[in-house]
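Q: Please take a close look at one helix of this protein and describe how it sits among the parts around it. A connected account would be welcome, for a reader who has not seen the structure before.

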Amino acid sequence: MDVSGVRQRVVDARRIVVKVGSSSLTTAAGGLDADRVDALVDVLAKARSGGEKEIVLVSSGAIAAGLAPLGLRRRPKDLARQQAAASVGQGLLVARYTASFARYGVRVGQVLLTTDDTSRRAHYRNAYRTLDQLLDMGALPVVNENDTVATDEIRFGDNDRLAALVAHLVRADLLVLLSDVDGLYDGDPSLPGTTRIAEVHGPADIAHVSIGSAGKAGVGTGGMVTKVEAARIAAAAGIPVVLTSASQAADALAGRGTGTFFHATGKRSADRLLWLQHASTPRGHLVLDEGAVRAVTERGSSLLPAGIAAVEGDFTAGDPVELRTADGRPIARGLVNFDAKELPQLLGRSTRELARELGPEYEREVVHRDDLVLLEG
């Protein structure tokens, strides 16, 4: 086996998250391509057959699979019809995986997620326990966004980003992103003279690259932009990434020099904070005074009522909110401990004063530092 030094982590990886896009599973008109699904399953079943590797599959394709049965020619733009297509397609998708993996005696477990399931503390722990237990019992989790109920406010937006976050959630050793393109190129791969980028050590390596959007089939939501962003998220969290085509999945999992290898650039962070930063949609924002900005960004302090100058939005305790400077610059995101309607009477006042006047339950942070993440830039 031709295994280069940089791919040794691929060979050694025990727990692997594999993401496959709609275009690799369906026809352009919608509907599952059974041969494509079986080909992918053949690769994944073989990779885990020795018992040394665990695989979590993040699979797109639910909406695309539901198009043809509902008489839709292309992915609809409105949320209601997307949800209808997902409702039909999700059953078809998991049934196809169940039947295909059954050829190898592998049990499939379906896990549908929304961002709300993963940014809140209790929900996050439950998502991890479910996935970990499935793996411990020898099942192969098939993960997808719960498109049938997700609203615009609680959507991941694309399964590439979901895959990066799931890789972090399950403490994966490797993320493999499968597409209809065999890697990241330094230009349009359909044009002559472009070259596949074999390795990416950090964002600076691809700062010059013009990255394309969703493919021509019109059945997916991603494209190379979302895949590179997913690779960046995973790599920053200490997880190496292989980006290649579904047809080269076997080579990718074997550590051969296919696709583009993204080196890990950071270390694992606190689990929920990664979700809070990349998967949550703020339900409102808090404007901080200068002292609170310094306390949050420089000293890693919690946000107290005394440091808040204004409140905007309609949120309840436990929702994600954005923390901003007086000129509107976002500096952090966190889970708020009060409803929006409670906060105006608390602004600019010390917790001791509030506890004395309103009761001991008001002697607490508006956003605790353990539920707060600083934003880049």
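## One helix and its surroundings

A: Apart from neighbours within four places in sequence, Gln90 is in contact with Ala62, Gln110, Leu112, Asn144 and Glu145. The model in which these contacts are found is a predicted one. Gln90 is placed in helix 4, the element that covers residues 79-102. With a relative accessibility of 9%, Gln90 counts as buried, because the limit for a buried residue is under 20%.

Val88 also has its place in helix 4. This residue counts as partly exposed, at 31% relative accessibility. Together with Leu70 and Leu92, Val88 makes a nonpolar surface patch of about 210 Å². The helix may thus be viewed from two sides: Gln90 is buried, whereas Val88 is partly exposed.

A charged pair comes next. Arg96 and Asp38 meet through their side chains in a salt bridge, with 2.8 Å from N to O. This pair links distant parts of the chain, since Arg96 belongs to helix 4 and Asp38 to helix 2, 58 residues apart. Of the two partners, Arg96 is partly exposed, with a relative accessible area of 23%. Asp38, at 18% relative accessibility, counts as buried. The boundary between the two classes lies at 20%, so the partners are classed on opposite sides of it.

Helix 2 takes part in a further salt bridge, in which the side chains of Asp42 and Arg103 meet at 2.9 Å, N to O. Asp42 lies in helix 2, while Arg103 is in the loop between helix 4 and strand 3 (108-113), so this pair ties together parts that are 61 residues apart in sequence. Asp42 counts as partly exposed at 29% relative accessibility. Arg103 is likewise partly exposed, with a relative accessible area of 45%.

Helix 2 leads on to an open space in the model. The second largest pocket holds about 280 Å³ of space. Its lining consists of 10 residues, and Lys46, Ala47, Ala250, Leu253 and Ala254 lie nearest its centre. Helix 2 (34-48) and helix 9 (249-254) are the elements that give two or more residues to this lining. Asp38 and Asp42, the acidic partners described above, lie in helix 2 as well.

For comparison, one salt bridge may be considered within a single helix. Arg232 pairs with Glu229, and the closest N and O atoms are 2.7 Å apart. Both residues lie in helix 8 (residues 224-236), 3 residues apart, which is about one turn of the helix. Arg232 counts as partly exposed at 27% relative accessibility, and Glu229 as partly exposed at 31%. Elsewhere, salt bridges that share partners join Arg14, Arg15, Glu54 and Asp132 into one network. In total, the count comes to 17 salt bridges.

Links across the sequence are also found at the beginning of the chain. Arg7 lies in the segment before helix 1 (8-12). This residue is buried, having a relative accessible area of 3%. Beyond its neighbours within four places in sequence, Arg7 is in contact with Ala198, Val242, Gly255, Arg256, Gly257, Thr258, Gly259, Thr260 and Phe261. Although Arg7 and Pro240 are 233 residues apart along the chain, their C-alpha atoms are separated by 9.5 Å.

One residue of note for its backbone is Arg171, which has a positive phi of about 60 degrees although it is not a glycine. Arg171 is found in the loop between helix 7 (159-169) and strand 5 (174-179), and it is partly exposed, with a relative accessible area of 38%.

The view may finally be widened to the protein as a whole. Its secondary structure comes to 12 helices and 13 strands. The protein has 377 residues, of which 51% are buried; Gln90 is one of the residues that count as buried. Among contacts with a separation of 6 or more, 73% are between residues 24 or more positions apart. The exposed area is about 16,600 Å², and carbon and sulfur atoms supply 49% of it.

Notes. Residues numbered from 1 in each chain as written. Predicted model: local features only at pLDDT ≥ 70, side-chain atom pairs only at ≥ 80, totals over all residues. Heavy atoms only, no water. Patch = residues over 30% accessible without salt bridge, like charges linked within 9 Å, V, L, I, M, F, W, Y side chains within 5 Å. Areas by Shrake-Rupley, 256 points an atom, 1.4 Å probe, with all protein chains shown as cover. Salt bridge = Lys/Arg side-chain N within 4 Å of Asp/Glu carboxyl O. Helix = DSSP H or I, 4+ residues; strand = E, 2+ residues; numbered from the N terminus. Buried < 20%, exposed > 50% of the residue type's maximum accessible area, 1.4 Å probe, protein only. Contact = heavy atoms within 4.5 Å. 1 Å grid on protein atoms, 1.4 Å probe; cavity = no way out; pocket = protein on both sides within 12 Å on 5 of 7 lines; lining within 4 Å. Points joined across faces, edges and corners; volume = space filled by probe spheres on them.
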